[in-house]
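Trainee: I am new to this structure. Please take a single part of it and go through that part closely, then show how it connects to the rest.

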Amino acid sequence: MKVLVAGGAGFIGSHLCDRLLAGGHDIVAADKLIFGDRNIRHLRSDEQLAKNGRFLFYPLNLTEQQSVDRIFAENKIDVVYHMAANSDIQKGGREPEIDFNDTFLTTRNLLEGMRKAGVKKLFFASTSAVYGEMPGVRLKETTGGIKPVSFYGGAKLASEALISSYVSMCGMRAVIFRFPNVIGPRLTHGVIFDFIKKLHKNPHELEILGDGTQCKPYIYVSDLIEAVYMLTREFEEGEDVFNISVESRGTTVTHIAEIVADVMKLADVEFQYTGGDRGWKGDVPSFCYDISKILSRGWKPEHTSDEAVRRTVKDMITDKGK
């Protein structure tokens, strides 16, 4: 198949490109390169890929409908993997237009591009943030009354709603994954990234946002990508939604700090907490997923949350994945 990976130069998108290429598919990737092209440099410089046309890259902004339409006009796309979104949720909280443009408008434009080009198959990277805060609730794909508490979560939920309407009106087929925190090589942001950066600067003390008890599941990127690959080999009619996560409860922010300090071989690091039950407004301190649906399809993660954190710290410190 010829696959469009929107946001293909991002952290998760670049790993998906690698996996799809390994599976024999031809890739058209598009990204506005907020973090540069380091995640796909190995693909852009691969002479064999360039020679046989298996990887084609468009450095453009998917918030512009004309640019999106150009991709579909110049390529016969079979499937769209929509990974493009704002990745800096804190910044999006300060500037709402970021999520409206990068998280929602990209979805609208891709759906319109697909409609006009007659492309019927879509994978969409959604998020646990669509549920908002529902303490004590084991979240299922069918859980009702969900109310996002961040602009990012709101834009993702709005995207899901728009996808549902295009599935109904245009006969599209869609698979939606609601991701937790995804980590691994090429990580560009998040608590692990921040902690390593802070400890390189000052190995004696570490500022931790909130009270450190925030607890979320962290999934290693290769586990996630295998699930995406497995469940999009065939697109069933209509729309299907999956929670995806690890089977363990998760990892607290304080324990992440302890793992980072341990892997970096730093002793007696003083943790300084900013206080409160969350890192920033719009942050959800904890949630609990029911992942029985995706487990029933034959997928199972290889890493627990703690194992994913430790392996990611090692990846980043040894500069893997660049």
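Mentor: Helices α4 and α6 are oblique to each other, because their angle is neither under 35 degrees (roughly parallel), nor over 145 (roughly antiparallel), nor 65 to 115 (roughly perpendicular). The angle is about 40 degrees, and the axes lie 9 Å apart. Axes here are lines fitted to C-alpha atoms, for helices over the stretch in contact, and angles run from 0 to 180 degrees between N-to-C directions. The model is predicted: local features need pLDDT of at least 70, side-chain atom pairs count only at pLDDT 80 or more, and totals for chains, interfaces and linings use all residues. Residues are numbered from 1 along each chain as its sequence is written, and side-chain values use heavy atoms, leaving out hydrogens and water.

Helices (H or I, at least four residues) and strands (E, at least two) are DSSP runs, numbered from the N terminus. The crossing of α4 and α6 is right-handed; that is, the near helix is turned clockwise from the far one by less than a right angle, where anticlockwise would be left-handed. On the α4 side, the residues in contact (heavy atoms within 4.5 Å) are Gln-65, Val-68, Asp-69 and Phe-72. They meet Arg-108, Asn-109, Leu-110, Glu-112, Gly-113, Met-114, Lys-116 and Ala-117 of α6. By class, this contact has 5 nonpolar, 3 polar and 4 charged residues. Ala, Val, Leu, Ile, Met, Phe, Trp, Tyr, Cys and Pro count as nonpolar, Asp, Glu, Lys and Arg as charged, and the others, Gly among them, as polar.

Next, α4 itself. Helix α4 covers residues 65–74, and in it Gln-65, Ser-67, Val-68, Ile-71 and Phe-72 are buried. Buried means under 20% relative accessible area, exposed over 50%, and partly exposed in between, with a 1.4 Å probe and protein chains only. The cover over these buried residues includes β1, β2, β3, β4 and α6 (96–117).

One residue of β1 shows how α4 meets the strands. Leu-4 sits in strand β1. Leu-4 counts as buried because its relative accessibility is 1%. Among the residues that Leu-4 touches, not counting those up to four places away in sequence, are Ile-71, Phe-72, Val-28, Ala-30, Val-80 and Leu-110. The C-alpha atoms of Leu-4 and Asp-26 are separated by 8.7 Å, although their positions lie 22 residues apart along the chain.

The strands that cover α4 belong to an open sheet of 7 strands, in the order β3-β2-β1-β4-β5-β7-β12, with parallel pairing. Two strands pair if DSSP finds at least two bridges between them. The edges are β3 (55–59) and β12 (238–243); each has a single partner strand, so one side of each has no neighbour in the sheet. Neighbouring strands are turned by 15 degrees against each other on average, direction ignored.

At the β3 edge, 5 bridges join β3 to strand β2 (residues 26–31), and the two run parallel. Ala-30 has Tyr-58 in β3 as its bridge partner. Helix α1 (residues 11–22) packs on the sheet, where it touches β1 (2–6), β2, β3, β4 (79–82) and β7 (173–179). The direction of α1 makes about 170 degrees with that of β1.

Further along the sheet, β4 and β5 pair in the parallel sense over 4 bridges. His-82 has Phe-124 in β5 as its bridge partner. Strand β5 is also joined to β7 by 7 bridges, again running parallel. There, Thr-127 stands opposite Phe-179 in β7. Of the 7 residues of β5, 6 are buried, so this strand is largely enclosed by the rest of the structure. Helix α7 (residues 151–170) lies across β5 (121–127), β7 and β12, and runs at about 155 degrees to β5.

Another helix pair can be set beside the one described at the start. Helix α8 (residues 191–201) and helix α12 (residues 305–317) pack at about 50 degrees, with axes 11 Å apart. The crossing in which α8 passes α12 is right-handed. Ile-192, Phe-193 and Ile-196 of α8 make the contact with Val-309, Thr-312, Val-313, Met-316 and Ile-317 of α12. This contact has 7 nonpolar, 1 polar and no charged residues.
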